[in-house]
Amino acid sequence: MNKNIIAIAIGALGFIIGLGLLGNAIKNRNRSENTISVTGLGTKHFVSDLITWSGNFSKNNFDLKLAYDELALDRKTINDYLLSKGVKQSEIVFSSVDIQKQFKNYTDSNGNNVQNEFTGYNLTQTVSIESKEVAKIENLSRNITEIINRGIEFTSSSPSYFYTKLATVKQEMIASATKDAKERAEKIAENSGSSLGNLKKATMGVIQITAPNSNEDYSYGGTFNTASKDKEASITIKLEYEVN
């Protein structure tokens, strides 16, 4: 008899504990559903403070040494020209010389390649500039025809623009995006007659840097525009709050 009573008591206790666990599960489930998720946006406009620019020049000659000597003269002319425009010597970098043998192909009446004739050496070198004097180098890149007018075969590339204080910009945008997200969450909670509870989760998106007022596509891994001196950066922050 006593054993039966004990068994019934244990069964009843287990039933009560089970109900308690079920109640907590339902309560926690409802609590997890009673949340607000919002996304805030932080943006920043800024102007690049670093510019890089490069161009290449070449010489052709049957004699390799003569070709190299002629290229060296062009290199000195270019270096002197850049210095005369206010570019610092420490900002000018010349690459190693690339040497290519040139051949002319001949074909017979059937279109078969029957002979390769050596036509000389082609030597190419690149000059690069990295400077914080953005306006000066930008203007220089636009007026590089002055070098061409000196008889040098020179091909100029477009400048690339960068910003050295990007870490500071990113921190400012994160703060702005977080504030924007929190204000959105507070407004939603207020309109629903609730109040924000604890922050449960925060997720930061990747930084996107584009030209202002452009139609550049955002990239999953982040966009970094280097073609525009003026830039617009943006970042998103997703916040998830409990609601009381």
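**Exercise 1. Which residues on the other side of H2 are exposed?**

Open the structure, keeping in mind that it is a predicted model, and work out how helix H2 sits in it.

*Solution.*
- Step 1: Find the helix. H2 covers residues 64-84, which makes 21 residues. From first to last C-alpha it reaches 30 Å, close to the 30 Å expected at 1.5 Å a residue.
- Step 2: Pick out the buried positions. In H2 these are Ala-67, Leu-71, Asp-74, Ile-78, Asn-79, Tyr-81 and Leu-82. Because they cover an arc of only 160° around the axis, they sit on the same side of H2.
- Step 3: Recall the helical repeat. With 3.6 residues a turn in an α-helix, residues three or four places apart point the same way.
- Step 4: Turn the helix round. On the other side of H2, the exposed residues are Lys-65, Leu-73, Lys-76 and Ser-84.

**Exercise 2. Inspect what lies at the ends of H2.**

*Solution.*
- Step 1: Start at the N-terminal end, which Asp-63 caps. One of its side-chain oxygens lies 2.9 Å from the backbone nitrogen of Lys-65.
- Step 2: Move past the helix. Gly-86 follows H2 and has a positive phi, near 90°.

**Exercise 3. Which element gives the most to the largest nonpolar core?**

*Solution.*
- Step 1: Look at the core, which has 22 residues. Those with the most contacts inside it include Trp-53, Ile-78, Leu-82 and Phe-154.
- Step 2: List the suppliers. Strand E2 (50-61), H2, strand E5 (113-131) and helix H3 (134-142) each supply at least two residues of this core.
- Step 3: Pick the main one. H2 gives the most, with 5 residues.
- Step 4: Zoom in on Ile-78. Not counting residues up to four places away in sequence, Ile-78 touches Phe-57, Phe-94, Val-127, Ile-147, Ile-152 and Phe-154.
- Step 5: Look beyond this core. A second, separate core has 17 residues, among them Val-169, Ala-177, Ala-185 and Ala-189.

**Exercise 4. Compare two loop residues, Ile-207 and Asn-213.**

*Solution.*
- Step 1: Place Ile-207 in the loop between strand E8 (196-204) and strand E9 (208-210).
- Step 2: Check its surroundings. Leaving aside neighbours within four places in sequence, Ile-207 is in contact with Leu-166, Met-173, Gly-222, Thr-223, Ala-233, Ser-234 and Ile-235. Ile-207 and Ser-234 are 27 residues apart in sequence, yet their C-alpha atoms are 5.9 Å apart.
- Step 3: Go on to Asn-213, in the loop between E9 and strand E10 (230-243). Asn-213 is exposed, with a relative accessible area of 82%.
- Step 4: Read its backbone. Phi of Asn-213 is positive, near 60°, in a residue other than glycine.

Definitions and conventions: Residues numbered from 1 in each chain as written. Predicted model: local features only at pLDDT ≥ 70, side-chain atom pairs only at ≥ 80, totals over all residues. Heavy atoms only, no water. Helix = DSSP H or I, 4+ residues; strand = E, 2+ residues; numbered from the N terminus. Expected span 1.5 Å × (residues − 1). Buried < 20%, exposed > 50% of the residue type's maximum accessible area, 1.4 Å probe, protein only. Arc of directions from axis to C-beta. Polar contact = N/O pair within 3.5 Å; in protein donor to acceptor, adjacent residues only side chain to side chain. Core = buried A, V, L, I, M, F, W, Y, C linked by side-chain atoms within 4.5 Å. Contact = heavy atoms within 4.5 Å.
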